[in-house]
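The exercises that follow ask you to read strand pairing, chain contacts, exposure and helix packing from a set of coordinates. Work through each task with the structure open before you turn to its solution.

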Amino acid sequence: MTVTLFIPCFIDALYPRVGISMVQLLEQLGHRVECPDDIACCGQPAFNSGCWPEARAVADPVLTRLRSSEVVVVASGSCGAMLKKFYTDLFAGTGREDEAATLSGKVWEFSDFLVRCLGVTDLGARFPARVTFHDGCHGLRELGIKTSPRRLLERVQGLELIEMTDTETCCGFGGTFSAKYPMISTAMGEVKCAAAQATGADYIVSNDSSCLMHLQGLLTVRKQPVKTIHLAEILASR
Amino acid sequence: MVEDPAMSAREDILGRIREALRKPAPFPGHGHAPTAATTHSPAPPPAGARSNLHGSPVIPLRPSVAARPWLPPGGVTPAEQWDRFRTASTELKTAVEEFDSAEAAHARLRELAGEQGWSGIASHRAPLTDAALSALSALQLPTLLTDGGYPVNDMEKCSVGITECDALVAQTGSILVTSRSTGGRALSVLPPHHLVLARRAQLVPDLGTALEQAKARYAPHWPSMISFITGPSRTGDIERILVLGAHGPKQLTVFLLP
Amino acid sequence: MTAAHQFLEQARRITRDLRHRGLIQTALRKYEVKRDEKKLAFPDWESARQAAAEVKWDAINHLDSYLEEFVARLEARGTRVHWASTAAEARDAILGVVRDRKAKSIIKSKAMTAEEIHLNDALEKEGYEVVESDLGEYIVQLRHEPPYHIVFPAMHLTRDEISDLFHRELGSAQTREPEELTMIARRVLRQKYITADVGITGANFAVAETGMISITENEGNARLTAALPRTMITLLGIEKVIPALEDLALFLPMLATAGAGQTLTGYNTMYSGPRQPGEADGPEEWHVVLLDNRRTELLADPEQRDALHCIRCGACLNVCPIFRNVGGHTYGTAYSGPIGSVITPHLRGLKDWKHLSGASSLCGACTEACPVKIDLHHHLLQNRRNAVVEDAPVLERLAYRLFAVVANHPTLWQFAKELGRTFQPFHRWILRTKLDPAKAWTATRDVPPMAEMSFKEWWRTRQ
């Protein structure tokens with residue numbers, strides 16, 4: 001099938017390897033991938049700040065551009081939740097709610113798409129390391145993604161998954177929250193990093209680069225040895 | 001005519017409520033509810049079920065009745081129910097003692113009075129308590145009966161409050177007492193030891209059954225207080241560490257009689 | 001200082017206080033273990049939640065008739081009901097009763113509504129002695145502090161701090177034993193129950209069908225408060241009503257499990273009147289004060305009406321990573337944590353309390369924990385939206401407008417990334433200084449480098 005891969009702004013600019021890995025994996029599975037060049041963001045920052053008209057200014061073209069897509073795979077659980085769950089709220093009463101509902105039906109987060117839509121868990125990956133998985137909140141609670149990433153990790157050769165305590169606790173990123181309330185965001189991140197550290201893992205893995213950006217930022221400043229990596233990069237490792 | 005301010009507050013509040021309710025709110029569990037598998041197919045209302053006041057068909061079966069199978073079970077057979085009750089009591093630190101005869105229970109009472117050095121007993125008039133008190137009478141302990149009123153300071157000095165109960169609840173290890181049948185409001189909480197004399201037949205599976213039974217027995221002339229006592233008085237307010245006997249009894253004992 | 005500034009200042013202080021955060025997190029971890037254990041006893045917790053939400057929906061969406069039914073039954077059994085539109089009216093009603101009875105001392109069991117209307121201050125100002133009887137409440141009262149948490153009022157204190165407090169205020173010997181500390185309070189409060197003229201309680205539920213209030217507690221202090229004084233006053237919000245007695249069979253175990261990780265709370269007591277003929281004791285008169293205090297404003301918002309389903313179990317506070325890192329006093333509200341952040345803007349004004357809705361990562365742990373399925377974290381989003389509509393932050397909106405233009409034009413987006421790449425190396429010159437525009441981020445976090453080749457550039461070269 002033809003997969004429309006939605007690459008959010010921060011993955012485009014900061015973590016291109018995540019997107020590239022996804023393209024490679026989807027093509028390896030025999031699908032045609034298209035990446036729309038003319039949309040860059042789902043509008044979540046404005047939406048979460050309460051600026052809904054401004055969020056619609058970002059989201060309107062997204063809704064239009066994805067109308068013809070067969071299936072939309074989003075490279076982040078958080079942006080996936082925005083497209084799948086929050087667009088119906090955002091566009092309620094605007095005359096585009098039906099389009100938002102239609103889009104919702106064909107949006108998938110990447111790991112969930114592999115496991116629950118395509119039924120694939122083994123991608124032939126090899127990644128000899130001890131890792132712990134961080135459940136991004138939007139993926140976990142808005143989209144209900146819990147098992148898919150773990151089933152994918154289970155099939156990675158050489159990889160050992162060690163669950164941390166409070167794996168479902170928020171890392172403290174929270175989008176604009178991280179800049180508006182940096183002290184709370186940082187405190188939450190400290191708790192998360194400590195839990196990850198306690199597992200003795202080499203890497204914190206997640207299906208959300210935004211959480212990882214926040215955690216890696218803290219780890220680097222604190223010179224802590226744990227590293228962060230996106231699930232797709234692990235799956236593309238050979 | 002001068003308007004009664006209390007009356008007007010009542011009408012103001014009810015008026016604001018009615019105005020507010022003109023816009024309907026979404027039924028729960030839809031929209032953004034993140035948890036799946038919670039929709040229930042509406043069942044027809046069972047005979048005797050309380051229909052809602054408005055005759056609206058929104059809730060065909062009271063959800064709290066429909067929910068019984070989803071709550072912690074009280075057990076189906078008597079054996080299961082007793083097992084639940086005992087397990088719950090152990091966990092709660094309620095002492096449960098079983099007797100084959102009233103005489104055996106009374107002997108144990110006399111023993112307890114000695115062991116714990118009871119200096120006074122508070123109780124009320126009822127068949128089981130009457131029998132117990134007469135069995136204890138040889139010890140010549142000051143005894144206070146609450147029926148018809150009592151001086152609070154006297155009860156405060158009693159070592160034990162002995163009461164009957166309305167029901168024992170298997171599901172939770174609870175004891176149902178009321179202000180009418182078990183000696184008033186304070187008797188089961190003021191003395192440091194609450195000793196309950198219960199008949200084995202008083203065990204019910206769960207809270208729902210206990211409430212139904214109480215309703216059948218009392219409604220609409222309810223005792224002014226009915227209370228589910230679940231374990232001795234407790235607190236975790238200091239560092240979440242369990243301490244018994246916060247304000248009420250430190251000890252709760254249930255004597256099971258035939 | 002505005003509430004928002006106060007929040008920020010307190011949050012800054014507590015997030016730096018590792019000892020304080022450690023204490024709270026340890027306590028709440030203990031709670032989580034017990035809660036999970038008790039939840040397992042439910043064959044289907046999720047369905048039970050749905051049922052609880054449905055009962056509350058029924059109650060709240062027919063609030064007028066259920067309230068009238070509740071009140072009619074209460075009055076029929078000799079209880080005096082006072083309706084209070086505002087906090088002041090509720091205080092006046094209670095003060096009126098206390099004055100009429102020429103009361104001197106008042107014993108009180110835990111009631112968050114009393115915190116909401118600042119009842120103790122009002123009573124003390126008139127010269128009455130009010131003593132909190134719940135151990136945790138008593139401790140914070142001695143410290144002249146509001147409760148830290150709606151269920152665990154003194155969870156921020158160690159046994160040593162409590163021992164010091166008792167030593168100072170009550171003259172008791174120092175001890176490190178929670179049991180001894182509890183007994184010190186027990187001895188002091190015993191006398192208070194016996195001498196008090198008036199007992200004031202809150203209520204967890206108001207049963208329309210039978211005209212009863214239901215009080216849930218562990219210590220027996222509410223039982224004694226409602227037993228010994230000659231006058232009893234109960235203050236409760238109008239949203240506490242539930243339709244039927246049997247609904248308690250659902251709510252009592254859920255409240256205990258979600259609230260404190262118990263199968264059932266120690267005492268669950270239903271009161272339907274003052275002392276009735278033939279009863280041994282109990283108050284001669286009972287006054288029930290029904291408080292609106294802008295609950296009807298929340299009721300008028302169908303989007304967030306379910307916030308009135310709240311049974312004040314505190315589960316959302318317990319799982320909230322914000323609460324766990326800033327603590328209860330930081331909020332500056334009677335109701336803290338997620339439910340407080342949702343309802344306080346309705347009860348006290350969006351303009352002054354919108355910051356609470358902003359201070360959330362929207363993780364949704366609260367919504368997941370709520371036993372009556374209040375859509376808490378989405379309500380925080382709605383509050384943010386409403387706050388912008390009410391009082392638009394001009395610069396922020398402009399910035400998002402600008403961002404929308406850039407994000408939707410590939411050339412501008414490409415240019416923005418190149419701009420970023422060009423200037424990022426110079427960022428380190430001003431990193432973490434006053435000039436650093438990203439200081440809120442960089443003060444504690446490293447900034448990831450802009451990729452030399454962005455994904456879209458890679459994609460274009462590949463095509």
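**Exercise 1.** Which residue is the bridge partner of B:Val169 in β8(B), and how do the strands that hold this bridge run?

Solution. The model is a predicted one. In β8(B), B:Val169 has B:Val204 as its bridge partner. Taking the two strands as a whole, β5 of chain B (residues 167-169) is joined to β8(B) by two bridges, and the strands run parallel.

**Exercise 2.** Place this pair in its sheet by giving the order of the strands, and state which are the edge strands.

Solution. Begin with the order, which reads β8(B)-β5(B)-β6(B)-β9(B)-β9(C)-β6(C)-β5(C)-β8(C) in an open sheet of eight strands with mixed pairing. The edge strands are β8 (203-204) of chain B and β8 (241-242) of chain C, each of which pairs on one side only. Next, look at the step in this order that passes from one chain to the other: strand β9 of chain B (residues 225-229) pairs with strand β9 of chain C (residues 267-271) in the antiparallel sense, over five bridges. Within that pairing, C:Thr269 in β9(C) is the bridge partner of B:Ser227.

**Exercise 3.** Describe the contact of chain C with chain B by the number of residues that each chain gives.

Solution. Chain C brings 99 residues to the contact and chain B brings 89 residues. On the side of chain C that touches chain B, helix α3 (residues 45-61) of chain C gives the most, with 12 residues. Sorted by class, that side of chain C has 44 nonpolar, 29 polar and 26 charged residues.

**Exercise 4.** Is B:Gly148 buried or exposed?

Solution. First locate B:Gly148, which is found in the loop between β3 (143-145) and α6 (152-157) of chain B. Then count its neighbours: there are 11 other C-beta atoms within 10 Å, and since a residue with 12 or fewer counts as exposed, B:Gly148 is exposed. As a further step, compare sequence and space: B:Gly148 and B:Ile229 are 81 residues apart along the chain, and their C-alpha atoms are separated by 23 Å.

**Exercise 5.** How are α7(A) and α9(A) oriented to each other?

Solution. Helix α7 (residues 110-117) and helix α9 (residues 147-154) of chain A pack at an angle of about 75°, with their axes 8 Å apart. Angles of 65 to 115 degrees count as roughly perpendicular, and α7(A) and α9(A) are therefore roughly perpendicular to each other. The residues of their contact divide into four nonpolar, two polar and three charged; among them are A:Leu114 and A:Val115 in α7(A), and A:Pro149 and A:Leu152 in α9(A).

Definitions and conventions:
Residues are numbered from 1 along each chain as its sequence is written. Chains are lettered from A and ligands numbered from 1 in the order in which they are written. This is a predicted model: local features need pLDDT of at least 70, side-chain atom pairs count only at pLDDT 80 or more; totals for chains, interfaces and linings use all residues. Two residues are in contact if their C-beta atoms, placed from the backbone, lie within 7 Å. Helices (H or I, at least four residues) and strands (E, at least two) are DSSP runs, numbered from the N terminus. Ala, Val, Leu, Ile, Met, Phe, Trp, Tyr, Cys and Pro count as nonpolar, Asp, Glu, Lys and Arg as charged, and the others, Gly among them, as polar. Two strands pair if DSSP finds at least two bridges between them. Axes are lines fitted to C-alpha atoms, for helices over the stretch in contact, and angles run from 0 to 180 degrees between N-to-C directions. Angles under 35 degrees count as roughly parallel, over 145 as roughly antiparallel, 65 to 115 as roughly perpendicular and the rest as oblique.
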